[in-house]
Amino acid sequence: MEKEHYFDWAATSPADEDILKESLNETLECWGNPSSTHAVGKKARELFESARNRAAAALGVKADNIYFTSGGTESDQIPLLAVLAKPNKGTVLVSSIEHPAIREQSEALKNCGWNVIQIPADSDGVIQPQAVVDLITSDTVLICIMAVNNETGVIQPIYEIADAITKACEGKRRPKFHVDCVQAAGKIALNLGYKGIDSAALSSHKICGPRGIGILYMKDAIEPFLRGGGQEKGLRSGTENVFGALAFSKCLERYYNKQKASDADRTKSFVEKLSALPGCTIVPPSRLEKPELFSPYVVQAAFKNIPGNVMLRALDSKGFSISTGSACSAKKNKRPVLEAMHVDPKLRENAVRFSFGPHTTDKAVDDLLAAVAEVNSQFNK
């Protein structure tokens, strides 16, 4: 029942045991260092490059554009840190609803003399293309906007934003556009090869793969800020994680861009039933009228008189796993994404996140709704 009643897929997903065991057995046979030039190393290199080719095919991009990293955070931070290698300081635009991997690192850039400007979100948590264009200046070098918000599930119009950036910079130097796709991969249809997307971050453990492995898609080579042994064409030094790369590539083959329409219908029903509970507010409320703007795998709601941590503990005692937001910010008790959306402070305090995955069953969702209703009835009659 532990996995069946797990509703914190946005934090991490249960591993696909078949893929992980199969990949481990393959890498036990190819245990050498992929950068070594002897036969044992070459055997490991062949397996590692096969993983790159499989991942690229699943993502619909060229293998040369795929770089393996230690996870989503590093894949987000490599493009950010790369600006430090530039001779002149400039401006970086970051959306106000980014994951801490982007938000906190961009703040660190300020300490290095860079001008970091937040792109405001509207009340739905959407970054509108015009809001991005309005902030572009002649010294803007990088723009970072996530594809799907990890707390509210809002789908950002990344392709429209990419087009708007290109149009606004016609005849001028165009800033790079980086997209955090960690919560989008395997959850919504993605086109990483879209002409206006320069780089994108993905994480294995969000789609049933192992922790400690990610992918950075880079359309063009960049000058890395961090240096080392020169692995991954100098962009990401460090001994390659053959097991992780192989398992991730197989998870991409199995789960990437394979969403079920029934999941969206089920979540829509879940949101409607949840909103009917006394004292429940869906965050943002527009989700009820515009479900197409949201990923069907992340739902945010607040319950009157029930702080988020109380709801979390109450459901945990019943065997249900949920969260109050990003696992990376769980100990900080702050909700910067909801603050950026100007959500009422009390709603921010009471908000919890329900997140689903490809193995979530209809029965489990019904069980969750019943458990939430039971807890809610103790505080709201």
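Here is a short conversation about helix packing and aromatic pairs in this predicted model.

Visitor: Is the packing of H9 against H12 parallel, antiparallel, perpendicular or oblique, and which word fits?
Guide: Let's start with the axes of H9 (residues 308–317) and H12 (residues 362–377), which come within 10 Å and cross at roughly 125 degrees. Angles from 65 to 115 degrees count as roughly perpendicular and those over 145 as roughly antiparallel. The crossing of H9 and H12 fits neither class, so the word is oblique.

Visitor: How many nonpolar residues does the contact of H9 with H12 have?
Guide: From H9 come Met 311, Ala 314 and Leu 315, and they meet Leu 368, Ala 371, Val 372 and Val 375 in H12. The contact has no polar and no charged residues, and its nonpolar count is 7.

Visitor: What kind of aromatic pair do Phe 48 and Phe 68 form?
Guide: Planes under 30 degrees apart count as stacked and over 60 as edge-to-face. The rings of Phe 48 and Phe 68 lie 5.3 Å centre to centre, with 55 degrees between the planes, and the pair is tilted.

Visitor: Is Phe 48 buried or exposed?
Guide: Here the cut-off helps: buried means under 20% relative accessible area. Phe 48 has 1% relative accessibility, so Phe 48 is buried.

Visitor: How many residues apart in sequence are the parts that Phe 270 and Phe 354 tie together?
Guide: The two ring centres are 5.7 Å apart with planes at 85 degrees, so this pair is edge-to-face. Phe 270 lies in helix H8 and Phe 354 in strand S10, so the parts tied together are apart in sequence by 84 residues.

Definitions and conventions
Residues numbered from 1 in each chain as written. Predicted model: local features only at pLDDT ≥ 70, side-chain atom pairs only at ≥ 80, totals over all residues. Heavy atoms only, no water. Axes fitted to C-alpha atoms, helices over the stretch in contact; angles between N-to-C directions. Helix = DSSP H or I, 4+ residues; strand = E, 2+ residues; numbered from the N terminus. Parallel < 35°, antiparallel > 145°, perpendicular 65-115°, else oblique. Contact = heavy atoms within 4.5 Å. Nonpolar A, V, L, I, M, F, W, Y, C, P; charged D, E, K, R; others polar. Phe/Tyr/Trp six-rings, centres within 6.5 Å; stacked < 30°, edge-to-face > 60°. Buried < 20%, exposed > 50% of the residue type's maximum accessible area, 1.4 Å probe, protein only.
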